Amino acid sequence: MKDFTKRMLSIAVPITLQNLISTGLNLVDNLMIGQLGTTAIASVGLVNQVVFILNILTFGVSSGAGIFVAQFWGKRDEKSIEKTIGHMLYITIGAAALFFVLLFFLPERILMIFTTDVEVVKTGAVYARPVAFSTFLTSFSFIIAMALRTVEKARIPMYVSLVALSINTVANYILIFGLGPIEPLGVFGASFATLLSRIVEFAIFVSIVYRKKTPIRLSRSALKFEIPFFRRLMKYATPVIINEFLWSLGITMYSLVMARMGTEFIAARNISSTIENFGFVIFGGLSSATVVMVGAELGRNNFSQAKYNARKLLQLTVITAVATGFIIILLSRFIVNLYNIDQSLKNTVLTVLIIVGLSQPIKMFNAVNIVGVLRSGGDSRAAMIIEIVSLWGVGIPLVAITGLVLKWPLTLVYIAMMVEELFKSILGIRRTLTWKWLKNVVD
């Protein structure tokens with residue numbers, strides 16, 4: 001038990017601290033943009049929703065291929081880890097190119113899908129174009145950071161994230177509001193600050209990879225495309241990529257419904273989502289720890305230990321989620337009062353955050369169970385079915401009907417959204433207890 005706790009903490013704590021830094025500084029950024037008014041909050045939120053789809057696609061690739069990285073790490077097969085990373089980059093850079101075109105050349109058309117508010121579209125386009133250049137940088141950095149965590153070098157991406165996000169926050173303040181001879185640039189300044197921080201982050205990760213001081217390297221041979229290996233990789237990665245793409249599209253549909261309900265609802269969702277991310281701070285660490293501690297044991301064919309690790313980590317997830325939900329509720333009023341929005345919108349956001357806090361145990365159990373447990377054993381197809389049926393078969397229809405047809409207030413629409421998580425947890429528990437996910441996929 002002592003070894004289990006020590007290993008879990010060595011993986012989860014650095015990732016949790018990184019997530020805490022990221023979420024905290026993102027909240028500060030959000031508060032800065034919030035000083036520019038409701039239109040700025042809504043426009044930046046909608047552009048970030050488009051970027052969110054790319055990030056989720058990248059996460060899908062890294063999560064799917066991470067099954068191999070974790071199990072290869074269990075065998076200490078560093079050459080195969082390197083080859084896996086090389087093949088992952090082919091996919092993510094291709095996706096980044098597509099999103100660059102959308103954000104740089106077609107931002108107005110993309111934003112008009114979400115809203116008819118001309119000012120929101122205009123402001124969003126200004127924000128989108130500098131962000132477009134960061135798509136390639138972010139995709140590379142994301143893959144390398146994931147690989148470092150999976151080989152139990154989680155402190156490195158934590159330090160890199162601290163540097164990049166600190167630069168982003170300082171640059172945001174200077175460029176949004178102006179300082180000395182620098183004129184205030186508003187949302188354009190926020191966008192340029194994001195690009196600057198991504199350039200620094202990319203440069204550090206490139207240096208780490210090519211210095212070859214960790215198991216994560218990129219030689220020329222790693223970038224050689226091998227069709228047999230790619231097919232083997234995609235057998236398990238494809239369901240995850242489809243899963244994450246359809247999930248991110250579904251979450252975007254939630255934003256679309258709320259955008260159609262009115263600009264103030266976009267702002268409310270953007271504020272509540274920023275605060276809700278604090279709930280994911282710890283669970284990003286727990287989920288990554290689960291992938292490593294379960295996946296590595298499966299790579300060693302130690303199935304009984306993998307089952308034990310999965311059970312203990314899921315129990316820890318639920319206990320921790322109760323605490324984080326309570327903290328979200330406790331701090332919600334203080335954080336909401338920091339925003340420059342009218343009182344009625346503050347009251348709506350406050351009620352939404354209480355709902356978010358109460359739903360934390362179910363949501364976080366689902367996240368760790370699907371991403372950490374089921375996928376670590378290559379059961380990515382079952383995980384995909386559970387997630388997509390819950391979201392598209394239950395969540396989206398309920399939100400669309402309650403928000404657009406019945407015209408319910410945002411708080412009741414959020415409650416309808418949580419039905420999806422309850423349904424997903426029932427399916428997820430049933431699948432986990434079959435133990436069909438206990439598989440070695442690299443032998």
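This report walks through the fold, the nonpolar cores, the salt bridges and a surface patch of one predicted model.

## The overall picture

Let's start with the chain as a whole. This predicted model has 14 helices and zero strands, so reading from the N terminus you meet one α element after another. The radius of gyration is 21 Å, close to the 22 Å that the globule rule gives for 443 residues, so the chain is as compact as a globular protein of that length. Along the principal axes, the C-alpha atoms fill a box of roughly 60 × 50 × 40 Å.

Of the 443 residues, 58% are buried. The accessible surface comes to about 18,200 Å², and carbon and sulfur atoms hold 67% of that area. Contacts often reach far along the sequence: among those with a separation of 6 or more, 85% join residues 24 or more positions apart.

## Two nonpolar cores

In soluble globular proteins, nonpolar side chains tend to be buried together. Here, the largest nonpolar core has 65 residues. If you would like some landmarks to find in the structure, try F68, I81, I85, L103, I144, F205 and I216, which have the most contacts inside this core. Two or more residues each come from helix 1 (2-34), helix 2 (38-75), helix 3 (78-105), helix 4, helix 5, helix 6 (155-177), helix 7 (186-211) and helix 8 (227-261). Helix 2 gives the largest share, 17 residues.

F205 is a good place to look around. Leaving aside its neighbours within four places in sequence, F205 is in contact with F140, S141, I144, A145, L148, P157 and V160. There is also a second, separate core of 31 residues, which includes F265, I328, I341 and V356.

## Salt bridges across the chain

The structure holds 12 salt bridges. In one of them, the side chains of E108 and R129 meet at 3.4 Å, N to O. E108 belongs to helix 4 (residues 107-114) and R129 to helix 5 (residues 118-150), so this pair ties together parts that are 21 residues apart in sequence. Both ends are partly exposed: E108 has a relative accessible area of 30%, and R129 has 29%.

Another salt bridge joins D379 and R431, with the closest N and O atoms 2.8 Å apart. D379 sits in the loop between helix 12 (360-374) and helix 13 (380-405), while R431 is in helix 14 (residues 410-432), 52 residues apart. The two ends differ in their surroundings: D379 is buried, with a relative accessible area of 5%, whereas R431 is partly exposed at 23%.

Helix 13 and helix 14 are also linked by K424 and E387, whose side chains meet in a salt bridge of 2.9 Å, N to O. K424 is in helix 14 and E387 in helix 13, 37 residues apart, and both residues are buried. Elsewhere, salt bridges that share partners join R7, E152, E297 and R300 into one network.

## A nonpolar patch on the surface

Which residues form a nonpolar patch on the surface? They are I401, L404, V405, L406, W408, L412 and I415, with about 610 Å² of accessible area together. Helix 13 and helix 14 each supply at least two residues of this patch, and helix 13 gives the largest share, three residues.

L412 makes a handy marker here: this residue lies in helix 14 and is partly exposed, with a relative accessible area of 36%.

Notes
Residues numbered from 1 in each chain as written. Predicted model: local features only at pLDDT ≥ 70, side-chain atom pairs only at ≥ 80, totals over all residues. Heavy atoms only, no water. Salt bridge = Lys/Arg side-chain N within 4 Å of Asp/Glu carboxyl O. Helix = DSSP H or I, 4+ residues; strand = E, 2+ residues; numbered from the N terminus. Buried < 20%, exposed > 50% of the residue type's maximum accessible area, 1.4 Å probe, protein only. Core = buried A, V, L, I, M, F, W, Y, C linked by side-chain atoms within 4.5 Å. Contact = heavy atoms within 4.5 Å. Patch = residues over 30% accessible without salt bridge, like charges linked within 9 Å, V, L, I, M, F, W, Y side chains within 5 Å. Areas by Shrake-Rupley, 256 points an atom, 1.4 Å probe, with all protein chains shown as cover. Rg over C-alpha atoms; globule rule 2.2 N^0.38 Å.
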